[in-house]
Amino acid sequence: MKNIVLVGFMGTGKTVVAKRLAGILGREFAELDAIIEKKEGMSVKDIFENKGEPYFRQAEKQIIGEVSKKDGLVISAGGGAIIDDENFNNLKKNSIIICLEASPDVILDRTKGNTCRPLLNVPDPKKRIEELLDERKTYYKRADHRVNTDNLTINQVVEEVKKSYENIR
Ligand code: S3P
């Protein structure tokens, strides 16, 4: 049984949706950032601050290599996880990849006031969101399916993801 991997920008709801979906499907849930945090003994924010982004990306790559060998999981990947060919190809081997999307304003609204995302702790987060979305759009497009979450509740997104998974598998 293939894994279901949720990818997409920060604030698109990957973790909460993946967790609920795993519950509905009776599958194991895995959040890559949480696995990294446990392994490193510090938060993603602290890893970025103390060890730097390249160190985080290396840790992320290693975890992706490991979870890619498993099956039947519902995985929530960090927003930058598939911005790397090796990671994408590893995940692709045994997973259906579904990208959650949202517009910059919605992402800003969902992420504001939360300081745990180092990439958005900048003076002008909206500009940063737009830049990163632009840089990443070709990568996110490679997912097997996309769900726009702008006007959907969490449960509606869960339903959409479940439907796409059932259609693709
Ligand atoms: C990142 C997204 C974060 C986390 C890290 C980098 C990114 O995960 O992995 O801060 O590059 O988009 P979420 O998408 O779960 O916030």
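**Burial and fold of the predicted chain**

Of the 169 residues in the protein chain, 44% count as buried, meaning under 20% relative accessible area with a 1.4 Å probe and protein chains only. The model is predicted, so local features need pLDDT of at least 70 and side-chain atom pairs count only at pLDDT 80 or more, while totals for chains, interfaces and linings use all residues. Residues are numbered from 1 along each chain as its sequence is written, and side-chain values use heavy atoms, with hydrogens and water left out.

As for the overall build, the protein chain holds 8 helices and 5 strands (DSSP runs numbered from the N terminus: H or I of at least four residues for helices, E of at least two for strands). Along the sequence they come in the pattern β-α-β-α-α-α-β-α-β-α-α-β-α. The C-alpha atoms fit in a box of roughly 40 × 35 × 25 Å along the principal axes. Contacts (heavy atoms within 4.5 Å) reach well along the chain: among those with a separation of 6 or more, 72% join residues 24 or more positions apart.

Helix α7, residues 125–140, isn't straight: a kink of about 35 degrees is centred on D134, the bend at a residue being the angle between axes fitted to the seven residues ending there and the seven starting there. Which residues of α7 are buried? They are I129, L132, L133, R136 and Y140. Their cover includes the strands β1 (3–8), β4 (95–101) and β5 (145–148), along with the helices α4 (53–67) and α6 (104–111).

Conventions
Buried means under 20% relative accessible area, exposed over 50%, partly exposed in between (1.4 Å probe, protein chains only).
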